Amino acid sequence: MNAAGKRLLRLEGESVGRPVGELLPDPELASLLRPSLEGERELALRRGENELRVRSLPLPELDGGRGRLLIVEDVSGLRRSERQRAELIANVSHELRTPATAIAGYAETLLEDAGRLDPEVARMVEVIHRNARRLTELFDDLLYLSRIDGQDGPLPLSPVAVAAVVGECLDKASAAVAEKELTVQTFGLEGVRVLAHREALGHIVGNLVENAVKYSHRGGVVTVGARRRDGGVRVEVIDVGIGISPEHHERIFERFYRVDKGRARAAGGTGLGLAIVARLCEKMGARLSLRSQLGSGSVFRVWLPEAAPAPD
Ligand SMILES: Nc1ncnc2c1ncn2[C@@H]1O[C@H](COP(=O)(O)OP(=O)(O)OP(=O)(O)O)[C@@H](O)[C@H]1O
Ligand SMILES: [Mg+2]
């Protein structure tokens, strides 16, 4: 172990020749050197004020293939600037949201009496209203993302009935569904419970349903369902809309990334929806995947551990 390693882990004395368990009193840390371990592992640790990231890599050249290398990094500065960034975004969004809400509110009031307005003026007020609404939605999404970013550690999980969450999301989307004359189908939801964070799962499914509706053709079909897979449950949101060509699949979960800027702008929205979905899945330990081809619709899947059935 080099001097920096000792300093960061706060170890005293000579390390060579001492048993790992004695040298690294933290059992979680010592477990990173277990010879039976496979592949790479990572651990977040606190040492007083310092936040450490410890990585364990296989080192097959050593000890007849059982060798391991620990890399210890002080990530306190990085985490601090991440928190500052999240705080700044939260403050700015909050400050800007208030005036945007006022503008949207007054425009809405004017539109209630649109008949009394000059048609040209009514059209302008309508544009003001639509854009002010878009701003408040953008600030809401930014605020929500920075709240998740600012939260340390994973989200607490408890049993959640999938059917209830999906039902709420479909209710919220019902106006847009009717407007586009879409058919909604569900499968496999009855009695299925997953280990999740209730509110986060609502945001995830809500965003995916909103997209499925938004990127469907008029008269299309949106399907939401659940399948048991690998000891867990895969919640699927399926549409037969415009689809996404594979070269976008990786970037689509980035903040503000949108496939077709022109079309996306016409459809409203900001490109934060899937970033929120991805971040929440990460925070819940849920696996997120996408299958889609341009022109043949999309399937977004979220895999979660299954919870025991509800007692009768
Ligand atoms: N079901 C889908 N079918 C086709 N394209 C999709 C689908 N879902 C997402 N996309 C593409 O991915 C982009 C990013 O989606 P995301 O939900 O992050 O943003 P958005 O829907 O444009 O805006 P918002 O922030 O309101 O959700 C979209 O602009 C669209 O190009
Ligand atoms: Mg969206």
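## A tour around helix 10

Start by selecting helix 8 and helix 10, where Ala200, His203, Ile204, Asn207, Leu208, Glu210 and Asn211 of helix 8 meet Gly273, Leu274, Ile276, Val277, Leu280, Cys281, Lys283 and Met284 of helix 10. Residues count as in contact if their C-beta atoms, placed from the backbone, lie within 7 Å. Helices here are DSSP runs of H or I with at least four residues, strands are runs of E with at least two, and both are numbered from the N terminus.

A word on what you have open: this is a predicted model, in which local features need pLDDT of at least 70, side-chain atom pairs count only at pLDDT 80 or more, and totals for chains, interfaces and linings use all residues. Residues are numbered from 1 along each chain as its sequence is written, with chains lettered from A and ligands numbered from 1 in the order in which they are written.

Back to the pair. By class, the contact of helix 8 with helix 10 has nine nonpolar, four polar and two charged residues (Ala, Val, Leu, Ile, Met, Phe, Trp, Tyr, Cys and Pro count as nonpolar, Asp, Glu, Lys and Arg as charged, and the others, Gly among them, as polar). The two helices pack at an angle of about 150°, with axes 9 Å apart; axes are lines fitted to C-alpha atoms, for helices over the stretch in contact, and angles run from 0 to 180 degrees between N-to-C directions.

Now keep helix 10 alone. Its 12 residues reach 17 Å from first C-alpha to last, close to the 16 Å expected at 1.5 Å a residue (that is, 1.5 Å times one less than the number of residues). Color Gly273, Leu274, Ile276, Val277, Arg279, Leu280, Cys281 and Met284: in helix 10, these are buried, with 20 or more other C-beta atoms, placed from the backbone, within 10 Å of their own. Show their surroundings too, since the buried residues of helix 10 pack against helix 5, strand 6, helix 8, strand 9 and strand 10. Just after the helix, click glycine 285, whose phi is positive, near 70°.

Next, add helix 5 (residues 119–150), which packs with helix 10 (residues 273–284) at an angle of about 20°, the axes 11 Å apart. That makes helix 5 roughly parallel to helix 10, a label for angles under 35 degrees. Select Asp141, Tyr144, Leu145 and Ile148 of helix 5 along with Ala275, Ile276, Arg279, Leu280 and Lys283 of helix 10 to see the contact. Its residues divide into six nonpolar, no polar and three charged.

Methods: Angles under 35 degrees count as roughly parallel, over 145 as roughly antiparallel, 65 to 115 as roughly perpendicular and the rest as oblique. Two residues are in contact if their C-beta atoms, placed from the backbone, lie within 7 Å. A residue is buried if 20 or more other C-beta atoms lie within 10 Å of its own, exposed if 12 or fewer, and partly exposed in between; C-beta atoms are placed from the backbone.
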